[in-house]
Amino acid sequence: MDEEVVIEDAVNDGGKILAQENKRIRTNDYKLATGEDLSQTLDLNTWHPGVDLGEMYSRIEQEVAEAIRKENIHQKEIREKIFPYLRTREGAPDGAGVYKTDVSKLIKMHNQILFNGGVEACDGTVASHDTLPITITQIGVCLVSYRGDQGSWVHRVFRRDLRSETLRSPIDETIEMLERRSSRSAVGVDSPHDQISSLARRGIMAYAERAVLLEKSNAIWRMGHGSPAPYELLTGSGMPELLRSGIELMRKLIEDHKRFIFIPSAPKARELLTIGNALLPLEYAIVETLQKRIDIVASGHYRGEWASELPNVKTFAKECGPQVVIGLFRASDLAPAQMFYAHKDFFHEAAIIAMADSILQEHRGFPMLIDLADQLCSATFGSDVFSASTQLAYASAGAPYRYMTERSTRR
């Protein structure tokens, strides 16, 4: 997926920037994090010439070595103190704790499930071409298994600032067009204040990915990128209809199908990743359910005109949240831990499937099927192919460069 979809996205349903984006950084916080005062950072006398490579390498080496040394100490403490606590702490889900699998189970999963097409993975991509006359957005989704390409789907949205359906004078239409454009962001730049923003585009893509897994896949196991209940669908990305359709879709996936695995690329939960990196290869841990994270989104986004949607989201959180567990696994000694989401009734199988697929990329420790879906999407619906076709259309209309942005013609 080109634009990573995570539950802690920085833009809310109404297109406003979340409060933490504007949170004040105290002077002491800066020093604690970086080891130096802000005044020292701003003093150019403490900066080094750009050609001082020797000093740069030495400092980087020193800082990395010290950071790794500290991490190793913390990981030992996590294994000894935190791992036992996962199972016994208040509110721990059924099955919480740390587990170990072995190579024989991975081989069995390869032969009986993965390489027989028993798992299908889906990923999507968004490409957008924004100019003054028109904004074209392409959303593509691909489904793959180890038995080959299972299908690809694409939808294109053509946005013009004015689509007149009534007979009006040219000057009235021109004034309305100018008023609409005055509220939009700079050409080629996404803005959270834009009603049809990048968040909305990602919300449609998130819906399409899960709809393809649910309605187009025939495999026993469905593998997705991100969360089964992503932020974009929990908030509707500013669109009530998307919120309601998304909840209905997520319910079917969680309550009816159940055999799913979702792995995010960039989860914000650093505390969970820290716990995960204390795992040994072929170990996995179950930490919590999805309910708390859904509740956090609901508590901060359903006010004012959105208040009527809150009961629906709260019911979804209460009924479906506890059915989804959040876990971590580590596929190899070289790779970092990965977070995963699975149904509470099938998390053992889900973890082993995820590790079996991830061990095929020992250095990444990330499921290869998701990478294959991503690569197919990039090759079929990527921005390079999309940009070339739109530029040809402008050339055919007699304006090959007139509406191109400065950045798009820089190279």
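These legends walk through several close-up views of a predicted model.

**View 1. The whole chain, before we zoom in.** Start by finding your way around: the chain has 14 helices and nine strands. Of its 411 residues, 44% count as buried. About 22,400 Å² of the chain is exposed, and carbon and sulfur atoms supply 53% of that area. Now think about contacts whose partners have a separation of 6 or more in the sequence: 72% of them join residues 24 or more positions apart.

**View 2. The largest nonpolar core, centred on I294 and F316.** This core has 47 residues, and I294 and F316 are those with the most contacts inside it. Which helix gives the most to this core? Helix 8 (residues 240-257) does, with seven residues. Look next at what surrounds I294. Setting aside neighbours within four places in sequence, I294 is in contact with A229, L234, V313, F316, A317 and G321. So F316 turns up here as a contact of I294, as well as being one of the two residues with the most contacts inside the core.

**View 3. A second core.** The chain has another nonpolar core, separate from the one in View 2, with 33 residues. Among them are L106, V325, F329 and I353, which you can use as landmarks.

**View 4. Helix 8 from end to end.** How far apart are the end C-alpha atoms of helix 8? They are 25 Å apart, and this agrees with the 26 Å that its 18 residues should span at 1.5 Å a residue. The buried residues of this helix are L242, L243, G246, I247, L249, M250, R251, L253, I254 and H257. Notice that R251 and H257 are on that list, alongside residues such as L242 and I247. Just after helix 8 comes K258, whose phi is positive, near 70 degrees.

**View 5. A nonpolar patch on the surface.** Here M56, Y57, I60, V64 and I68 form a nonpolar patch, and together they have about 480 Å² of accessible area. One of them, I60, is found in helix 3 (residues 53-88). Is I60 exposed, partly exposed or buried? It counts as partly exposed, because its relative accessibility is 46%, which falls between the 20% and 50% limits.

**View 6. The salt bridge between K31 and D37.** The chain has 17 salt bridges, and this view shows one in which the side chains of K31 and D37 meet, at 3.7 Å from N to O. K31 is partly exposed, with a relative accessible area of 41%. D37 also counts as partly exposed, at 31%.

**View 7. The salt bridge between R202 and E232.** The side chains of R202 and E232 meet in a salt bridge, with 3.6 Å from N to O. R202 lies in helix 6 (residues 198-215) and E232 in helix 7 (residues 231-234), so this pair ties together parts that are 30 residues apart in sequence. Both R202 and E232 are buried.

**View 8. The salt bridge between E209 and R210, and a network.** The side chains of E209 and R210 meet in a salt bridge of 3.2 Å, N to O. Are these two residues buried or exposed? E209 is buried, with a relative accessible area of 3%, and R210 is buried too, at 2%. Elsewhere, R251, E255 and E319 are joined into one network by salt bridges that share partners. You have met R251 before, among the buried residues of helix 8.

Definitions and conventions: Residues are numbered from 1 along each chain as its sequence is written. This is a predicted model: local features need pLDDT of at least 70, side-chain atom pairs count only at pLDDT 80 or more; totals for chains, interfaces and linings use all residues. Side-chain values use heavy atoms; hydrogens and water are left out. A nonpolar core is a set of buried Ala, Val, Leu, Ile, Met, Phe, Trp, Tyr and Cys residues joined through side-chain atoms within 4.5 Å. Buried means under 20% relative accessible area, exposed over 50%, partly exposed in between (1.4 Å probe, protein chains only). Helices (H or I, at least four residues) and strands (E, at least two) are DSSP runs, numbered from the N terminus. Contact means heavy atoms within 4.5 Å. Patches are made of residues with over 30% relative accessible area and no salt bridge: like charges are joined within 9 Å, nonpolar side chains (Val, Leu, Ile, Met, Phe, Trp, Tyr) within 5 Å. Accessible areas come from the Shrake-Rupley method with a 1.4 Å probe; for residues, only the protein chains shown count as cover. A salt bridge is a side-chain nitrogen of Lys or Arg within 4 Å of a carboxyl oxygen of Asp or Glu. The expected span of a helix is 1.5 Å times one less than its number of residues.
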